[in-house]
Amino acid sequence: MNLARLLPAVLILLAASQHAQAELGRSAPPSQATPALSTNYRLKLAAKSGDKALGEISLLTCAPVIDASGFLDKPADETLPATTLTLRGKIEEQEGGALLMTYTFGVSTPEVSRTVLPPLKRPEPDAKAADAKPEPRASVSSFISYRDHFSTGALRMKPGSTYELVTMAGVVYSLTLSPEPQK
């Protein structure tokens, strides 16, 4: 079996499988019958490592059901995919102006693995033929997989305050839910 021919087929099947799983995991948009919140809120989900901002997802909504997904800033090596963040949840306004948010938070980080395949040896009938053809070279195959991390919970929030939702591998993912001024 030729690995060089098998690898592209495996990559295509894995990509199709991940796409199908992503499509199945998406939830339907909120129903028009869902009552709206009393005001528009700006939801910000930010990632930071030390003092370095890694990216942010911002969403403006008055719907109590949210479903936001997006990627952090692209890596310096643009051939690599970016980390994807997902936040799904429900916002409830409480007495006294507090907010209760139940949520599922997810991070999908790409991992690249490389495989070096040794060159195939050609039979050499005589020395003249060997001099005429360049030596075969090793080939490098890259494979990108994703490692998914999820957490669920509930959070009582004061509008406008920032909360450190999750910390993983030195990256702090924070959430802010602020009322948006009416224009």
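This report walks through the strands, the nonpolar core, the salt bridges and two buried polar residues of a predicted model.

**The open sheet**

Let's start with the strands that sit together in one sheet. Four of them make up an open sheet in the order S3-S4-S5-S6, and the pairing is antiparallel. On the edges you'll find S3 and strand S6 (139–157), each of which pairs on one side only. Going from one strand to the next, the twist averages 15 degrees.

Zooming in on one of those pairings, S3 and S4 are joined by 7 bridges, again in the antiparallel sense. If you want a landmark for the register, look for Ser 69, which stands opposite Thr 86 in S4.

The link between these two strands is worth a stop as well. Thr 83 lies in the loop between strand S3 (65–71) and strand S4 (84–93). Is this loop residue buried or exposed? With a relative accessible area of 18%, Thr 83 comes in under the 20% cut-off, so Thr 83 counts as buried. Leaving aside residues up to four places away in sequence, Thr 83 touches Gly 70, Phe 71 and Leu 72 on the one hand, and Val 107, Ser 108, Thr 109 and Pro 110 on the other.

**Strands S1, S7 and S8**

Now over to S8, which has two partners to look at. One is S1: the two run antiparallel and are joined by 8 bridges. Here the bridge partner of Lys 44 is Thr 176 in S8. The other is S7, joined to S8 by 6 bridges, also running antiparallel. Met 168 stands opposite Val 171 in S8. S7 and S8 form a hairpin with 2 residues between them, and Ala 169 in that turn has a positive phi of about 50 degrees.

Ser 174 lies in strand S8 too. Its relative accessible area is 15%, and Ser 174 is buried. Which residues does Ser 174 touch, not counting those up to four places away in sequence? They are Lys 44, Leu 45 and Ala 46, plus Thr 162, Tyr 163, Glu 164 and Leu 165.

**The nonpolar core**

In soluble globular proteins, nonpolar side chains tend to be buried together. In this model the largest nonpolar core holds 25 residues. The members that touch the most other members are Leu 85, Leu 87, Met 101, Phe 105, Leu 165, Tyr 173 and Leu 175. Strand S1 (41–49), S3, S4, strand S5 (99–117), S6, strand S7 (162–168) and strand S8 (171–179) are the elements that give two or more residues to this core. Which of them gives the most? That would be S5, with 5 residues.

Leu 175 makes a handy vantage point on this core. Not counting residues up to four places away in sequence, Leu 175 touches Leu 43, Lys 44, Leu 87, Met 101, Leu 155, Met 157, Ser 161, Thr 162, Tyr 163 and Leu 165.

**Salt bridges**

The model has 3 salt bridges. Here they are with their closest N to O distances.

| Acidic residue | Basic residue | N to O distance |
|---|---|---|
| Glu 180 | Arg 42 | 3.6 Å |
| Asp 67 | Arg 88 | 3.1 Å |
| Glu 111 | Arg 147 | 2.9 Å |

Take Glu 180 and Arg 42 to begin with. Their salt bridge links distant parts of the chain: Glu 180 is in the segment after S8 and Arg 42 is in strand S1, 138 residues apart. Glu 180 is partly exposed, at a relative accessible area of 22%, and Arg 42 is partly exposed at 23%.

The salt bridge between Asp 67 and Arg 88 goes from strand S3 to strand S4, with the two residues 21 apart along the chain. Asp 67 has 34% relative accessibility and is partly exposed; Arg 88, at 29%, is also partly exposed.

That leaves Glu 111 and Arg 147, whose side chains meet in a salt bridge. What does this pair tie together? Glu 111 lies in strand S5 and Arg 147 in strand S6, so the pair ties together parts that are 36 residues apart in sequence. Glu 111 is partly exposed at 32% relative accessible area, and Arg 147 is partly exposed at 46%.

How values were computed:
Residues are numbered from 1 along each chain as its sequence is written. This is a predicted model: local features need pLDDT of at least 70, side-chain atom pairs count only at pLDDT 80 or more; totals for chains, interfaces and linings use all residues. Side-chain values use heavy atoms; hydrogens and water are left out. Helices (H or I, at least four residues) and strands (E, at least two) are DSSP runs, numbered from the N terminus. Buried means under 20% relative accessible area, exposed over 50%, partly exposed in between (1.4 Å probe, protein chains only). Contact means heavy atoms within 4.5 Å. Two strands pair if DSSP finds at least two bridges between them. Axes are lines fitted to C-alpha atoms, for helices over the stretch in contact, and angles run from 0 to 180 degrees between N-to-C directions. A nonpolar core is a set of buried Ala, Val, Leu, Ile, Met, Phe, Trp, Tyr and Cys residues joined through side-chain atoms within 4.5 Å. A salt bridge is a side-chain nitrogen of Lys or Arg within 4 Å of a carboxyl oxygen of Asp or Glu.
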